[in-house]
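Me: I would like to learn how to read a model of this kind, feature by feature. Could you take me through one?

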Amino acid sequence: MPDVLVAGAGPTGLLTAFELERAGLDVLVLERAARPSPQSKALGVQPRSVEVLAERGLLTAIEPHVQARLPAGHFSGLPIDYTDLPTRFPYQLGVEQAHIAAAIEAQLRRPVLRDAAVTSVTQDDEGVTVTAGGEHRAGWLVAADGGHSTVRKLLDAAFPGYSARISLVVADIELARKPDGLADEWHLPSLASGFLLPLSGGRHRVVVAGEEQQKLGRDDPVTADELQRALTAVHGPGIEVGKVRWASRFGDAARQLERYRHGRVLFAGDAAHIHLPVGGQGLNLGLQDAANLGWKLAAQIRGHAPAGLLDSYHDERHPVAARVLVHTRAQAALGMPNPDSAAVREVVTGLLAVPEARRELAMELSGIGITYPGISGRTTEIAATPDGSGVLTGAPLPPGWADRVEVREGTEPRLVRPDGYLAWTGGPGLDSALRRWFGRPS
Ligand SMILES: Cc1cc2nc3c(=O)[nH]c(=O)nc-3n(C[C@H](O)[C@H](O)[C@H](O)COP(=O)(O)OP(=O)(O)OC[C@H]3O[C@@H](n4cnc5c(N)ncnc54)[C@H](O)[C@@H]3O)c2cc1C
């Protein structure tokens, strides 16, 4: 019997499995789809997520697929300079989500079980039983089954927020004729006019949100004619849509689970929070949920988690996603083609010329500014341990912690959590920080 079941082999579920395996646990990922999807919703990874991937040695396999290193993020299309961010990676990595998922999956010890859609979940004091084709049992279930999460519905988990009010189309197409002056590089999108980005293999990514899209139903198929009309409206008659490789509708619904933990079931990624994918935030939230949850759940299973450690996953990550929901709703309002949003846009553009305002936003959007109560930032100079234990530098380790905290050379006093966040940076309090994050000395 595995220690943990994970529902969903998207980037969140895969990184959660990776984190748990790195801590020595046995994890079975159950995935509805028969094979990995070649389609990518996300095309961009924010600096903090690039750090997370790099610290785990996952970036090397992703590098060959990187199409751009954008020195700026964006807030509803307004560029937000990243170049002075305090990170080794002061840029958005332009890479298709499918390559990120594939790089993580390739490192898993136990293969993902595909064609295995979760259809029922029951839990008791000792564990969770899941039906996904056959029956599976483990001590815990991580629900990373995406925005339409079946597990969320099965548990009837409260998911308050707002329903979609605008409708957008995303499509990967081949262009039979390119308009003059179409940029071959990646550029910042605009909600009002959509965007058209070159991808690998002769494809272009299209996102449109015109009047026609607002009138069509969520389940109406996206046709080449609809895309042609939308693209002609923006680029003129010189553009001709060829083959449509993939197309889908999405909206600006913004919802978040009230609680990320339901007994022995923990929610992560889009299963826990949904929002308009503007500003490139969703995938990053999911990857960082996984990095926060993995070591805490591993400590819980190993029996050395201090009281409240597992619940600190909700306490730390819920506010981060709540803030992203605020940001994405603000971006949606700012991006709408109407005179009021144009006025707000003018004001915000002026504010962003103030370096402190721009930097504040850059720290948030990039994830570099994320911190948690009692934590004094993150470190990236100290490489993650292969087994997901903590790291101490610049101070002697008190007896009884050597199985959970590795001592490394270094003069600066630092206690680093397995997810790279700083639990202690000198002075009194090392003992209480050890107890708070790593349990009792053995
Ligand atoms: C058009 C668009 C553009 C985007 N661009 C960006 C971007 O640039 N940057 C960014 O950060 N984010 C972006 N996002 C958001 C990002 O794609 C998502 O936040 C990300 O995919 C979330 O990952 P996840 O693993 O949580 O969920 P998903 O990627 O949705 O993965 C969930 C997995 O669970 C599986 N599953 C579903 N139901 C079941 C079941 N019952 N049993 C078993 N398995 C199941 C699914 O098949 C899927 O493999 C974009 C989204 C869209 C729609």
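Reply: What follows is a conversation about the domains, the ligand shell, some helices and a few loop residues. Please keep in mind throughout that the model is predicted.

Me: Let us begin with the overall layout. Into which domains is the protein divided?

Reply: A domain assignment gives residue ranges, and a domain need not be one continuous stretch of sequence. Here domain 1 takes in 4–160 + 255–366, while domain 2 covers 167–251 and domain 3 covers 372–442. The C-alpha centres of domain 2 and domain 3 are 49 Å apart.

Me: Turning to the ligand, which residues around it come nearest?

Reply: One starts with the shell of residues around the molecule and then looks at individual atom pairs. The shell holds 29 residues, of which T12, E31, Q97, D270 and N284 come nearest. A polar side-chain atom of E31 is placed 2.6 Å from an oxygen atom of the ligand. The backbone takes part as well, since R32 has a backbone N or O atom 3.1 Å from a nitrogen atom of the ligand, and a polar backbone atom of V118 lies 2.8 Å from a nitrogen atom of the ligand.

Me: How much of the ligand's area does the protein bury?

Reply: The ligand taken alone exposes 1000 Å², and the protein buries 88% of that. The elements giving two or more residues to the shell are α1 (11–22) and α8, and the largest share, three residues, comes from α8. By residue class, the shell is made up of twelve nonpolar, twelve polar and five charged residues.

Me: Since α8 has come up, I would like to look at Q288. Is Q288 buried or exposed?

Reply: Burial is read from relative accessible area, and the cut-off for calling a residue buried is under 20%. Q288, which belongs to helix α8 (residues 282–302), has a value of 6% and is therefore buried. With residues up to four places away in sequence left aside, Q288 touches R48, S49, V52, R317 and I370. The side chain of Q288 also makes a polar contact, at 2.8 Å, with the side chain of S49.

Me: Three of those partners have neighbouring numbers. How many residues of helix α2 are buried?

Reply: Helix α2 (residues 47–55) is mostly covered, with eight of its nine residues buried. The buried residues are P47, R48, S49, V50, E51, V52, L53 and E55, and R48, S49 and V52 are among the residues that Q288 touches. As background, an α-helix has 3.6 residues a turn, so residues three or four places apart point the same way. Just after α2, G57 adopts a positive phi of about 75 degrees.

Me: What should I make of a positive phi in a residue other than glycine, and where is S76 found?

Reply: It is worth reading such a backbone angle together with the surroundings of the residue. S76 sits in the loop between β5 (72–75) and β6 (78–81), and its phi is near 50 degrees, a positive value in a residue other than glycine. With a relative accessible area of 2%, S76 is buried. D156 is not a glycine either, yet has a positive phi of about 55 degrees; it is found in the loop between α5 (150–154) and β12 (161–162). D156 counts as exposed because its relative accessibility is 68%, the cut-off for that class being over 50%.

Me: Which residue, counted along the sequence, is 136 residues from G303 yet 9.0 Å from it in space?

Reply: That residue is G439, with the distance taken from C-alpha to C-alpha. G303 is in the loop between α8 and α9 (311–335) and counts as exposed, at 62% relative accessibility.

Me: And what does S312 touch?

Reply: S312 is a residue of helix α9, and its contacts, not counting residues up to four places away in sequence, are with K296 and W437. S312 is buried, its relative accessible area being 9%.

Me: As a last case, how should I read a residue such as V344, and in which helix does it lie?

Reply: V344 lies in helix α10 (residues 339–351). Its relative accessible area is 43%, so V344 is partly exposed. V344 and A333 are separated by eleven residues in sequence and by 9.0 Å in space, from C-alpha to C-alpha.

Note on methods. Residues numbered from 1 in each chain as written. Predicted model: local features only at pLDDT ≥ 70, side-chain atom pairs only at ≥ 80, totals over all residues. Heavy atoms only, no water. Helix = DSSP H or I, 4+ residues; strand = E, 2+ residues; numbered from the N terminus. Buried < 20%, exposed > 50% of the residue type's maximum accessible area, 1.4 Å probe, protein only. Polar contact = N/O pair within 3.5 Å; in protein donor to acceptor, adjacent residues only side chain to side chain. Contact = heavy atoms within 4.5 Å. Near = heavy atom within 4 Å. Areas by Shrake-Rupley, 256 points an atom, 1.4 Å probe, with all protein chains shown as cover. Nonpolar A, V, L, I, M, F, W, Y, C, P; charged D, E, K, R; others polar. Domains from an automatic or database assignment.
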